[in-house]
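Want to get to know a protein by working through it piece by piece? Grab a pencil, take a look at the model, and try each task before reading its solution.

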Amino acid sequence: MAIGEQNRPAVPLEAGLGPENPPCPACGEPLFGWAMVRPAGLAVRRCERCGLAVKGAPADRDEAAAAAAAAVADGDAPNRASLQAWIGGSGWSALEPGRRFLFTAESLRLLGHPGGRARPAIGGMWQTLLNAFTFGHDIALGRLGRATPAPANQLWQRRLDLGISLLATPLVLPAALIAELIAAAAGRGGRLKIV
């Protein structure tokens with residue numbers, strides 16, 4: 001501990017609330033910048049308390065509760081508290097177009113829904129690792145019809161992304177399998193099975 005730190009009061013999260021850090025629709029704590037959706041450049045903010053992430057403009061509780069209800073109806077949602085979300089950040093495969101809220105079991109509970117149980121999502125980890133090497137986002141899962149891709153802007157970039165996805169898969173897929181199985185065993189799997 002540095003000299004003088006013992007007398008410093010702890011700063012509560014609420015002190016961060018403001019236009020740059022709007023309140024979390026689930027718990028009211030501030031949402032802090034976390035990731036940027038590629039290639040669109042859309043900001044994603046996350047709550048340090050409950051883990052909820054919101055893409056784009058600030059959201060209110062009703063909008064978040066409706067999205068949570070849809071996730072509960074599906075019985076499954078990407079897990080914002082997963083290892084792949086932590087590793088991927090802006091390259092996390094669940095940051096696909098059309099998905100505005102990314103839930104944790106805690107944020108679902110705070111929005112009045114059952115929590116979830118983390119389970120493995122090997123395809124999501126595989127794509128998250130591939131996204132680290134590509135200009136676009138979710139290219140491989142998009143080709144397989146399992147995600148909405150966000151292709152790169154230039155034709156040469158899109159072609160290179162396809163080649164990278166094909167050539168890197170034999171190396172990346174085994175790493176994704178091992179990482180996701182370890183993550184799921186630790187309760188940090190890529191998907192939430194809603195209970």
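Here are four exercises on this predicted model, each with a worked solution.

**Exercise 1. Getting your bearings**

Work out how many helices and strands the protein has, and in what order they come.

Solution. Step one is the count: you should find six helices and seven strands. Step two is to walk along the chain from the N terminus, which gives β-β-β-α-β-α-β-α-β-α-α-α-β. Step three, for the overall picture: the protein has 195 residues, and 44% of them count as buried. Its accessible surface comes to about 10,000 Å², with 61% of that belonging to carbon and sulfur atoms. As for contacts with a separation of 6 or more, 63% are between residues 24 or more positions apart.

**Exercise 2. A sheet of three strands**

Find the order of the strands in the open three-stranded sheet, and explain why β4 and β6 each have a side without a neighbour there.

Solution. Start with the order, which is β4-β7-β6, with antiparallel pairing. Now look at the edges: β4 (76-78) and β6 (116-119) each have a single partner strand, so one side of each has no neighbour in the sheet. On average, neighbouring strands here are turned by 30° against each other, ignoring direction. Next, zoom in on one pair: β6 and β7 (residues 191-194) run antiparallel and are joined by four bridges. To place yourself in that pair, find G116, which sits opposite I194 in β7.

**Exercise 3. How covered is α4?**

Decide which residues of helix α4 are buried, and what covers them.

Solution. First, find the helix at residues 122-131. Then apply the cut-off: a residue is buried if its relative accessible area is under 20%. Seven of the 10 residues pass, so the helix is mostly covered. Those residues are G124, M125, W126, Q127, T128, L130 and N131. Finally, check what lies against them: the cover includes α2 (83-88), α5 (139-143) and α6 (155-185).

**Exercise 4. An unusual backbone angle**

Locate D138, say what stands out about its phi, and settle whether D138 is buried or exposed.

Solution. Begin with the location: D138 is in the loop between α4 and α5. Next, recall the usual pattern: most residues other than glycine have a negative phi. Compare that with D138, whose phi is positive, near 60°, although this residue is not a glycine. Last step: D138 has a relative accessible area of 0%, so this residue is buried.

Terms used:
Residues are numbered from 1 along each chain as its sequence is written. This is a predicted model: local features need pLDDT of at least 70, side-chain atom pairs count only at pLDDT 80 or more; totals for chains, interfaces and linings use all residues. Side-chain values use heavy atoms; hydrogens and water are left out. Buried means under 20% relative accessible area, exposed over 50%, partly exposed in between (1.4 Å probe, protein chains only). Helices (H or I, at least four residues) and strands (E, at least two) are DSSP runs, numbered from the N terminus. Contact means heavy atoms within 4.5 Å. Two strands pair if DSSP finds at least two bridges between them. Axes are lines fitted to C-alpha atoms, for helices over the stretch in contact, and angles run from 0 to 180 degrees between N-to-C directions. Accessible areas come from the Shrake-Rupley method with a 1.4 Å probe; for residues, only the protein chains shown count as cover.
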